Amino acid sequence: MKALHFGAGNIGRGFIGKLLADAQVELTFADVSPVLLEALNSRKGYDVHVVGEQATVEPVKNVSAVNSAGQDAINLIAQVDLVTTAVGPTILEKIAPNVAKGLVLRHQQGNESPLNIIACENMVRGTSQFKQHVFNALPEEEKAWVEAHVGFVDSAVDRIVPPAAAGTTDPLEVTVETFSEWIVDQTQFKGPLPDIKGMELTDNLMAFVERKLFTLNTGHAITAYLGQQAGHATIRDAILDPEVREVVKGAMEESGAVLIKRYGFDAEKHAAYIQKILSRFENPYLHDDVERVGRQPLRKLSAGDRLVKPLLGTEEYALPHDNLVTGIAAAMRYRSEQDPQAQELVELLNTLGPKAALAQISGLPADGEVVAQAVDVYEKMH
């Protein structure tokens, strides 16, 4: 099996690329960074530091790399069996035109073997959104052929991959936590289902997408936002603060009550899943900054994302949501010199005032109870 993976960053190398290479898939990375491309092509591999109770170094071997903006990537799309991405939600649209060119070339070359494309991004049904970008770039007469021969498979991915340790000079060094989860929608594949260790097939993907979004992502973001408010530098420091922990755990329990109602999850198992996530945030071997985890607050405060979506669920089922509201207020307080969205957030708050700004960002009604409550909490935070 041959695969092309877009994105040779930490998540690409430490998570998806590693799983594919471990499964003996012939793997090529596609990226635009000359440093990463040169290092991957000269060394053909790299080490992944897996940190937890038992720290291990696991080598990844026999990989190569091409420039994702060049012809080599297009040529590979015409030949491979699997295309995966870990580029970040905003970059999918940028790589779509080259993917479309590769699919046209595949058709021209008469390659009718099934190709499956999986966007492994931190977003809900990211591959379906990627498919729209690819189809926008496809000539009209190619769409039916692509629809017939290419599977666009949605997935839910979960692994904490912090930035490389300060002081490291190796561009390929990557550190990951022990835990990883890659769940894919088996109903969307073309051809036989792949057998890749670490890839879990399901016919009920949305339950797992929302379980991760409402638990790991919700908890991680609120830990970051409250952690920054309390003056903590790392996620571990923040979650070990009893006041932060109480709100984070409470928010995950509130969002969990929505999942239990919506998907019939077992309450005891879900409580154990929440505990597992809290212990992952505490991992002393992962040095993850609250500022990094909190970045892109506008996206994280949008209607379909980790703070407002579970809150809308609590309203749907008439469930409590005080901790989620506190998380939303803390997100409004997030500040970062490095993050353009954080600066845009400040501008919106200054221009519109907190009530109108939150309503505009989140889609929540400006005169609703939730916005009033969030603004009240926000104004009490300093």
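Helices, here H or I runs of at least four residues, are DSSP runs numbered from the N terminus. The model used in these exercises is predicted.

**Exercise 1. The second largest cavity**

Find which helices each supply at least two residues of the lining of the second largest cavity, and describe that lining by class.

Solution.
Step 1. List the lining: Ile 160, His 220, Ile 235, Arg 236, Arg 280, Phe 281, Asn 283, Leu 286 and Asp 288.
Step 2. Compare this list with the helix limits. α8 covers 235-239 and α10 covers 267-281, and each of the two supplies at least two of the lining residues.
Step 3. Sort the lining by class: four residues are nonpolar, two are polar and three are charged.
Step 4. Add the volume, which is about 60 Å³ for this cavity.

**Exercise 2. The largest cavity**

State how many cavities of 30 Å³ or more the structure holds, and which element gives the largest share of the lining of the largest cavity.

Solution.
Step 1. Two cavities reach that cut-off. The largest encloses about 80 Å³ of space.
Step 2. Its lining is made of Glu 121, Asn 122, Met 123, Val 124, Ser 155, Ala 156, Val 157, Val 209, Lys 212, Leu 213 and Asn 217.
Step 3. Two elements, β9 (155-158) and α7 (205-229), each contribute at least two residues to this lining. The largest share is that of α7, with four residues.
Step 4. By class, the lining has six nonpolar, three polar and two charged residues.

**Exercise 3. Two helices in contact**

Describe how α7 and α10 cross, and say whether the crossing is left-handed or right-handed.

Solution.
Step 1. The two axes come within 11 Å, and the crossing angle is roughly 35 degrees.
Step 2. The crossing of α7 and α10 is right-handed.
Step 3. On the α7 side, the contact is made by Arg 211, Lys 212, Thr 215, Leu 216, Gly 219, His 220 and Thr 223. On the α10 side, it is made by His 270, Tyr 273, Ile 274, Ile 277, Arg 280 and Phe 281.
Step 4. Five of these contact residues are nonpolar, five are polar and three are charged.

**Exercise 4. The sheet of three strands**

Give the strand order of the open sheet of three strands, and explain why β9 and β12 each have one side without a neighbour.

Solution.
Step 1. The order is β9-β11-β12, and the pairing is mixed.
Step 2. β9 and β12 (199-202) are the edge strands; each has a single partner strand, so one side of each lacks a neighbour in the sheet.
Step 3. On average, neighbouring strands here are turned by 20 degrees against each other, direction ignored.
Step 4. β9 runs antiparallel to β11 (residues 181-185), with four bridges between them. Ser 155 stands opposite Val 184 of β11.
Step 5. Helix α7 lies across β9, β11 and β12, at about 30 degrees to β9.

**Exercise 5. The sheet of six strands**

Work out which strands stand at the edges of the open sheet of six strands, and which helices lie across β7.

Solution.
Step 1. The order is β5-β2-β1-β6-β7-β8, with parallel pairing.
Step 2. β5 (63-67) and β8 (150-152) stand at the edges.
Step 3. Inside the sheet, β6 (residues 82-85) and β7 (residues 115-119) are joined by four bridges in the parallel sense. Leu 82 has Asn 116 of β7 as its bridge partner.
Step 4. Helix α4 (residues 92-108) lies across β1, β6, β7 and β8 and runs at about 175 degrees to β7. Helix α5 (residues 126-137) lies across β6, β7 and β8, at about 115 degrees to β7.

Note on methods: Residues are numbered from 1 along each chain as its sequence is written. This is a predicted model: local features need pLDDT of at least 70, side-chain atom pairs count only at pLDDT 80 or more; totals for chains, interfaces and linings use all residues. Side-chain values use heavy atoms; hydrogens and water are left out. On a 1 Å grid over the protein atoms alone, a cavity is a set of points where a 1.4 Å probe fits but cannot get out, and a pocket is an open set with protein on both sides within 12 Å along at least five of seven lines; lining residues have an atom within 4 Å of a point. Grid points are joined across faces, edges and corners, and a volume is the space filled by probe spheres set on the points. Ala, Val, Leu, Ile, Met, Phe, Trp, Tyr, Cys and Pro count as nonpolar, Asp, Glu, Lys and Arg as charged, and the others, Gly among them, as polar. Axes are lines fitted to C-alpha atoms, for helices over the stretch in contact, and angles run from 0 to 180 degrees between N-to-C directions. A crossing is left-handed if the near helix is turned anticlockwise from the far one by less than a right angle, and right-handed if clockwise. Contact means heavy atoms within 4.5 Å. Two strands pair if DSSP finds at least two bridges between them.
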